[in-house]
Amino acid sequence: MSQLNNPSQWTTGGDAPTDKQKAFISTLASSKNASVDPDQLNKSEASAKINELKDKPTQNGDASAGQPIQDPNTWSTGDDKATGKQMGYVAVMAKKAGESVPSEMGKTEASQKIEELKGKTGM
């Protein structure tokens with residue numbers, strides 16, 4: 001097993017977790033209904049906790065798309081092809097709303113369509 005796959009052997013494994021690790025743990029813990037204080041973990045433990053939480057089933061059962069983190073109109077990649085996850089949300093909600101499912105959309109367009117369909121379907 002390589003050192004990369006074994007956080008306990010990392011040179012910096014005993015250091016405090018990164019801000020990204022702490023934020024990801026908090027997000028995962030919330031969606032998995034788990035109580036975790038990332039400030040009590042070191043970098044190696046944080047990596048292991050992330051893997052543990054990723055494998056744990058989501059407890060809240062809420063599969064809604066959620067709010068965009070920032071305005072989609074300002075995304076530098078907004079014209080790129082929509083992600084599979086975005087197209088999946090659009091497909092499910094469009095079907096529920098009785099609308100046709102677009103075959104292709106950009107990221108910004110998909111995000112806006114998701115918000116529109118959320119209003120129509122209550123999802």
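**Two helices and the loop between them**

Hi everyone, let me start right at a turning point: helix 1 is followed by N33, a residue whose phi is positive, near 55 degrees. Please keep in mind that this is a predicted model. N33 is a residue other than glycine, and its phi is positive all the same. Where does N33 sit? Its place is in the loop between helix 1, residues 19-31, and helix 2, residues 43-55. And is N33 buried or exposed? With a relative accessible area of 62%, N33 is exposed, because the cut-off for that word is over 50%.

Let me step back for the overall picture. The protein chain has 4 helices and 0 strands, and along the sequence that reads as α-α-α-α. Of its 123 residues, 29% are buried. If you take the contacts with a separation of 6 or more, 64% of them are between residues 24 or more positions apart. The accessible surface comes to about 8200 Å², and carbon and sulfur atoms account for 48% of that.

Now to helix 1. Its 13 residues reach 19 Å from the first C-alpha to the last, close to the 18 Å expected at 1.5 Å a residue. Which of its residues are buried? They are Q21, I25, L28 and A29. Looking down the axis of helix 1, you find these buried residues within an arc of 100 degrees, so they line one face of the helix. Turn to the other side of helix 1 and you meet D19, K20, T27 and S30, which are exposed. What covers the buried residues of helix 1? The cover includes helix 2.

That takes us across the loop. Just ahead of helix 2 we have N42, which caps the N-terminal end of that helix. A side-chain oxygen of N42 lies 3.0 Å from the backbone nitrogen of S44.

How does the length of helix 2 work out? It has 13 residues, so at 1.5 Å a residue it should span 18 Å. The end C-alpha atoms of helix 2 are 19 Å apart, which agrees. The buried residues here are K43, S44, A46, S47, I50 and L53. Notice that S44 appears twice in this story: its backbone nitrogen is the partner in the N42 cap, and S44 is itself buried.

And what covers the buried residues of helix 2? Helix 1 is part of that cover. To put the pair together, helix 2 helps cover the buried residues of helix 1, and helix 1 does so for those of helix 2. Thanks for listening!

Note on methods
Residues are numbered from 1 along each chain as its sequence is written. This is a predicted model: local features need pLDDT of at least 70, side-chain atom pairs count only at pLDDT 80 or more; totals for chains, interfaces and linings use all residues. Side-chain values use heavy atoms; hydrogens and water are left out. Helices (H or I, at least four residues) and strands (E, at least two) are DSSP runs, numbered from the N terminus. Buried means under 20% relative accessible area, exposed over 50%, partly exposed in between (1.4 Å probe, protein chains only). The expected span of a helix is 1.5 Å times one less than its number of residues. Contact means heavy atoms within 4.5 Å. A polar contact is a pair of N or O atoms within 3.5 Å; within protein, one must be able to donate a hydrogen and the other to accept it, and residues adjacent in sequence count only if both atoms are side-chain atoms. The arc is that of the directions from the helix axis to the C-beta atoms. Accessible areas come from the Shrake-Rupley method with a 1.4 Å probe; for residues, only the protein chains shown count as cover.
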